[in-house]
Protein chains: 4
Amino acid sequence: MRKTDRSVGFEMSESMADPRADSRRTAILEAALRVFSRFGYHLTSIDHLAAAAQTSKGGIYFHFPSKQALFLALLDRAASQLRARVEAAMVAAPDPVAKADAALRTVLHVFAAHRDLARLLLVETLGAGREFHQRRLQLQDEFVSLIRQQLDAAVAAGSISPLDTALAARVWFGALNEVVTAWVLAERPGTLEEVYPTLRSLLLRSIGMLTEAQL
Amino acid sequence: MRKTDRSVGFEMSESMADPRADSRRTAILEAALRVFSRFGYHLTSIDHLAAAAQTSKGGIYFHFPSKQALFLALLDRAASQLRARVEAAMVAAPDPVAKADAALRTVLHVFAAHRDLARLLLVETLGAGREFHQRRLQLQDEFVSLIRQQLDAAVAAGSISPLDTALAARVWFGALNEVVTAWVLAERPGTLEEVYPTLRSLLLRSIGMLTEAQL
Amino acid sequence: MRKTDRSVGFEMSESMADPRADSRRTAILEAALRVFSRFGYHLTSIDHLAAAAQTSKGGIYFHFPSKQALFLALLDRAASQLRARVEAAMVAAPDPVAKADAALRTVLHVFAAHRDLARLLLVETLGAGREFHQRRLQLQDEFVSLIRQQLDAAVAAGSISPLDTALAARVWFGALNEVVTAWVLAERPGTLEEVYPTLRSLLLRSIGMLTEAQL
Amino acid sequence: MRKTDRSVGFEMSESMADPRADSRRTAILEAALRVFSRFGYHLTSIDHLAAAAQTSKGGIYFHFPSKQALFLALLDRAASQLRARVEAAMVAAPDPVAKADAALRTVLHVFAAHRDLARLLLVETLGAGREFHQRRLQLQDEFVSLIRQQLDAAVAAGSISPLDTALAARVWFGALNEVVTAWVLAERPGTLEEVYPTLRSLLLRSIGMLTEAQL
DNA sequence: TATGAATGAGCTTTCATTCAT
DNA sequence: AATGAATGAAAGCTCATTCAT
């Protein structure tokens, strides 16, 4: 719950501790998010990043040891901020199914407001090559675990019948991933968030959770 | 046995009509599938492809105007052969839901037997740059449409209650995609196909199709 | 005795076998000798070499895997051609002391005619950094051994009194090296070869070989 | 023991006159000797030097206008201190030949105790580019002159027969240079000083100085 | 058809030097 | 005096593409 900002804001800025320190580093990360998510890892050159961050090639290398390290730092930062948002939303939810629901809703919410973030995490990380696959897998598994834990808890609580929660969590994640990815890659993307109620119904039903009335 | 399994045969060879013509072109495509799916688009050089296809750089350029065009041709070929398999399976299915089920099962079946194909279509296409995203999206949408049509037909036939079939189809595809992608990226992949029954249950339930008994 | 050419010619051209094959490779080596010996290893860029050889950066890299490998190839080539000349001269000499004398004279002779070669072997190889020191040491030790063997033979034959032939050979080499190096580095170098008679006297006397009459 | 040997002390510290002034400058020079002689001119970066001298990039640039100037200052300092040692030893020697002998012995002595100094003056100076070749040549010529003057004096005094003292001095220097350089570049260097008696004999004999009895 | 030598734009990375603080 | 963030020229190397043979 590091970030208490309740708005959709998903700023890349560092902790409030020192206002201008790291400002260049932060500017680079912000620019990198923009550029990497627009052009992808390979098409983005260091010169490109430097221009976008209004600095120089050397400036980039002063703050990050390599292009790969910069991309990874960006990934970690993005992931940890998304994670914080999701965890905050889950804390506020009353029961396991509501927590899982909150997690999904929050991800959709954040991605809807930050298409570049969605593109970075869902598309470019897969596209950036071998080195990043492991990291992606790790982040993904983390999220899938989060969901799975809630499903397990729901089973334990008797809210839903026993089922393969590992697979169900993966299915949920895949569904969300696909919906967001299609939106990210669309030429003229519509509104992402308005699909949520329907998506929610489908997913809850998939685990035998939704009654006719709840629809 | 994966590669020699006759029942899942998914050879890249052209139609039997002209036995030797295009054999070089075909050899190049086959080698390219192997190499691109192993190393990705950017790490694969024309020299690399030429060596794998036992030809020369010039040989590649005689058959394909550019690296990009070769990759695209490979993509189209892979997609159309996958499509043919899926359509054949759908024809044999008795009703809409069975057809949709057959489509998913076939995709899983083919990918299970051809991990390189899965990797090419689901992973490497994202690393190859913007132009390929479009194509990937198009293939995906095509498949989603295929599913959607069956769901619509099922609704029309009264087999399932009305629902947002576009989204449901996308969710189905996303779930499948996620399960396959995780398997493709895993260090030590397990057996892909054995998850199908459970996956099927989840997806069918998501559209309100599966009763307790059917499980 | 690979080269039978008795002139001072010290061409870089390959064996007479295939007249134009390897012509580009040879041209690169010739240009590299010129440029490296003029500017030194570090100040010489690949672009510089490419321009001097009238080819392109890629052209260089087609024939040599790296700058270091090119420099090493140049070194080996130069050394082996110098070695051939020296060996040929030694074969023609009647006795050990005459052979040693011939070796020194030939080196001076060749270097006098090819200042760039002298500079490459004596100056730039030391200046090019760690990686090349070992190779330099090896080439040098080879030459020192050559001299030493003759001194040992002279001792065995009773031509000279026993002495530390290893050190004497090294001293001879050092003396030669210094004389050539001073000439190589001089702004306005004089004639190198005319010092030989005097140098010869000094060195022969150092091993107790020269009588008053021989002076 | 090499570094702490009081009898061969060759500290880089400034004159005892001003105890703390220039201490930073001196510290930089001392660190630079260590680092340059270990890694060579090109592989040594300003950052590297700053770290070794426990200061910062800016600190280096406050005391020296450029990397080249720092290297040159180091060279001059090293040379002048070596020169002082040599001159002191020569003053103490009774006659010209003994003076020349003392010069050589002292150089060997100092280098034996300060391998880094030997490496700097004899090896790394060649890797640092054209400007340094000149300086090296100059230092060398200075030393050769020193020897030559003694040889001329010895000829004038009738101690030795007339000879080309310029060449003889160069030969002496070359012999010394070679012995030291081989030792500097050796992987497992032996004891440098123990070769001196034999080297001395060879050199003295080369100018017709040493009788059988003196050996 | 096929080959492979050649091209050159473009890449990531390094590092001497500057300068606001 | 000293610091270290920032600059940008230049380096070594890669590789898609071309073309004479």
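These legends accompany close-up views of a predicted model.

**View 1. Chains A and B, superposed.** Let's start with the first pair of copies. Turning by 179° and shifting by 0.3 Å along the axis lays chain B on chain A, with an RMSD of 0.4 Å. The two copies are thus related as by a two-fold rotation axis. Both copies use the same surface, as 100% of the contact residues of chain B recur in chain A.

**View 2. B:Gly127 and the rotation axis.** Here we zoom in on one glycine. Within chain B, the residue that comes closest to the rotation axis is B:Gly127, whose C-alpha lies at 1.4 Å.

**View 3. Chains C and D, superposed.** Now for the second pair. Chain D superposes on chain C with an RMSD of 0.4 Å after a rotation of 179° and 0.3 Å of shift along the axis. In chain D, D:Gly127 comes closest to that axis, with its C-alpha at 1.4 Å. Because 100% of the interface residues of chain D are also interface residues in chain C, these copies meet through the same surface.

**View 4. The surroundings of DNA strand E.** Take a look around the strand: 30 residues surround DNA strand E. The closest are A:Ser45, B:Gly58, B:Gly59, C:Gly58 and C:Gly59. By class, this surface has 15 polar, 9 charged and 6 nonpolar residues.

**View 5. Helices near DNA strand E.** Finally, we turn to the helices. Chain A supplies at least two residues of the surface from each of α2 (46-52) and α3 (57-63). In chains B, C and D, α3 (57-63) likewise supplies at least two residues each. The helix α3(C) gives the most, with 5 residues.

Definitions and conventions:
Residues are numbered from 1 along each chain as its sequence is written. Chains are lettered from A and ligands numbered from 1 in the order in which they are written. This is a predicted model: local features need pLDDT of at least 70, side-chain atom pairs count only at pLDDT 80 or more; totals for chains, interfaces and linings use all residues. Copies are superposed by least squares on the C-alpha atoms of residues with pLDDT of at least 70 in both. Two residues are in contact if their C-beta atoms, placed from the backbone, lie within 7 Å. A residue is near a molecule or strand if its C-beta atom, placed from the backbone, lies within 6 Å of it. Helices (H or I, at least four residues) and strands (E, at least two) are DSSP runs, numbered from the N terminus. Ala, Val, Leu, Ile, Met, Phe, Trp, Tyr, Cys and Pro count as nonpolar, Asp, Glu, Lys and Arg as charged, and the others, Gly among them, as polar.
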